[in-house]
Amino acid sequence: MDTSACSSNATICNGTSCVLHEKNPNETLSVILSTVITIMLALVMFSMGCNVDLPKFISHIKKPWGIFVGFLCQFGIMPLTGFLLSVAFDILPIQAVAVLIIGCCPGGTASNILTYWSDGDMDLSISMTTCSTMLALGMMPLCLYIYTKMWTDSGSIRIPYDSLGISLVALVIPISVGIVVKQKWPKKAQIILKIGSITGLILIVVIAVTGGILYQGSWIIRPKLWIIGTMFPLIGYSMGFFLAWIAGQNWQRCRTVSLETGMQNTQLCSTIIQLSFSIEELNHIFTFPLIYSIFQLGMAGILVGTYVLYKKCADKNNVKFVESDNNNTESDPPIGIQNGVFSLHED
């Protein structure tokens, strides 16, 4: 078109001749997909709420020893790990910032689904996810300020507080409704839980596959980022489990803390990256959250699958799979690691 006043989203080619940007179909599809996924996740979290034991959940909140262990893993181990990996592999400054953003994000809701399938402590898992999302409002800026100073001005990184708020609402409200349903209609809650847990697994796969298709043009990145994307979640799972074990948690809670530590909110990371960097800069880093997401889901799937297979073998051989439960609630500081006793009893 030929006009003296061009649209704000137009590119000036010659004088007053303006050409509008071509609409990116992936952008529209991404918005639609994000909306659908948010709604589906809310429904899945509603089903997860149907498995919450309200007295135990309240005990975790009142005496948050397990939540505190998770907090140390989430905002202590993960940002530090991201920093050390970035330094060790000597990646570009902008790539180091992307790695650190992943490390500073709160836990993702996929951890709740995988905790259910691994017979973890659902009450601890949900309370950890909720608390880490709330604490991220303050801890993310603090961690980014501490660890990104050697590469960039932390003030240039934009934290999408609205996205954090939406994540919190999409987490708390459905779970609260699920808790109410379990209290009033326990039998129906069990049916909802089974449907939701299967739907959650399917949703995790759909998110990973769709993300790979939408952004297939961004897969050409340096091998160092692939290596970091592989190592980062593995270190998170391992260190989360180890720290929980040292803190005297039983195996059920160790698995829970492990999943909550390694499973990051990669969708939030992608949002922060898109808000903070130019299109040219995104070419170097945009795919990293997706790489991390694929490897964190793949590794978690292997861990959960191994546990399920081991449990089935134990049942087949008439071996009772027994995990000790701390009678004094896990929120009390541990005297020693004897609380994490694991035992097998043959019939």
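**Notebook: helix 4 and its surroundings**

I began with helix 4, where I noted Ile 94, Gln 95, Ala 96, Val 97, Ala 98, Val 99, Leu 100, Ile 101, Ile 102, Gly 103 and Cys 104 as buried. I keep in mind throughout that this is a predicted model. Eleven of the twelve residues of helix 4 are buried, so I describe this helix as largely enclosed by the rest of the structure. I then looked up its extent: helix 4 covers residues 93-104 and reaches 16 Å from its first C-alpha to its last, close to the 16 Å expected at 1.5 Å a residue.

**The chain as a whole**

I stepped back to the protein chain, which has 13 helices and four strands. Of its 347 residues, 46% are buried. The chain exposes about 17,100 Å², and I noted that carbon and sulfur atoms supply 67% of that area. Looking at contacts between residues at least 6 apart in sequence, I found that 81% join residues at least 24 apart.

**Gln 264 and Gln 296**

Which residues does Gln 264 contact, once its neighbours within four places in sequence are left aside? I listed Gln 74, Met 78, Ile 102, Gly 103, Cys 105, Pro 106, Gly 107, Gly 108, Tyr 292 and Gln 296. Two of these partners, Ile 102 and Gly 103, I had already entered among the buried residues of helix 4. Gln 264 itself lies in the loop between helix 10 (251-262) and helix 11 (266-276), and it is buried, with a relative accessible area of 2%. I also checked its spacing to Gln 74, which is 190 residues away along the chain, and the two C-alpha atoms are separated by 8.8 Å.

I followed the contact to Gln 296, which sits in helix 13 (residues 288-316). Gln 296 is buried as well, with a relative accessible area of 3%. Apart from neighbours within four places in sequence, Gln 296 is in contact with Pro 233, Tyr 237, Gly 262, Met 263, Gln 264 and Thr 266.

**Helix 9 and Arg 222**

Pro 233 and Tyr 237 led me to helix 9, where both are buried, together with Leu 225, Ile 228, Gly 229, Phe 232, Gly 236, Gly 240 and Ala 244. Helix 9 has 24 residues and reaches 34 Å between its first and last C-alpha, close to the 34 Å expected at 1.5 Å a residue. Just after helix 9, I noted that Gly 248 takes a positive phi of about 90°.

Arg 222 is found in the loop between helix 8 (186-214) and helix 9 (223-246). With a relative accessible area of 43%, Arg 222 is partly exposed. Not counting residues up to four places away in sequence, Arg 222 touches Leu 92 and Gln 95, and I recalled that Gln 95 is among the buried residues of helix 4. The C-alpha atoms of Arg 222 and His 284 are separated by 8.3 Å, although the two residues are 62 apart along the chain.

**Helix 3 against helix 6**

At what angle do helix 3 and helix 6 pack? I recorded about 40° for helix 3 (residues 65-89) and helix 6 (residues 122-147), with their axes 9 Å apart, and a crossing that is right-handed. From helix 3 the contact draws on residues including Gly 66, Gly 70, Gln 74, Gly 76 and Phe 83, and from helix 6 on residues including Leu 124, Ser 127, Cys 131, Ala 136 and Tyr 147. By class, I entered 14 nonpolar, six polar and no charged residues for this contact.

Thr 130 is also found in helix 6. Thr 130 is buried, with a relative accessible area of 13%, and, leaving aside neighbours within four places in sequence, it is in contact with Leu 168, Leu 171 and Val 172.

**Two aspartates with positive phi**

Last, I looked up backbone angles in two loops. Phi of Asp 90 is near 50°, a positive value in a residue other than glycine; Asp 90 lies in the loop between helix 3 and helix 4. Is Asp 90 buried or exposed? At 59% relative accessibility, Asp 90 counts as exposed, being over the 50% cut-off.

Asp 119, which is not a glycine either, has a positive phi of about 55°, and lies in the loop between helix 5 (110-117) and helix 6. I entered Asp 119 as partly exposed, at 27% relative accessibility.

Definitions and conventions: Residues are numbered from 1 along each chain as its sequence is written. This is a predicted model: local features need pLDDT of at least 70, side-chain atom pairs count only at pLDDT 80 or more; totals for chains, interfaces and linings use all residues. Side-chain values use heavy atoms; hydrogens and water are left out. Axes are lines fitted to C-alpha atoms, for helices over the stretch in contact, and angles run from 0 to 180 degrees between N-to-C directions. A crossing is left-handed if the near helix is turned anticlockwise from the far one by less than a right angle, and right-handed if clockwise. Contact means heavy atoms within 4.5 Å. Ala, Val, Leu, Ile, Met, Phe, Trp, Tyr, Cys and Pro count as nonpolar, Asp, Glu, Lys and Arg as charged, and the others, Gly among them, as polar. The expected span of a helix is 1.5 Å times one less than its number of residues. Buried means under 20% relative accessible area, exposed over 50%, partly exposed in between (1.4 Å probe, protein chains only). Accessible areas come from the Shrake-Rupley method with a 1.4 Å probe; for residues, only the protein chains shown count as cover.
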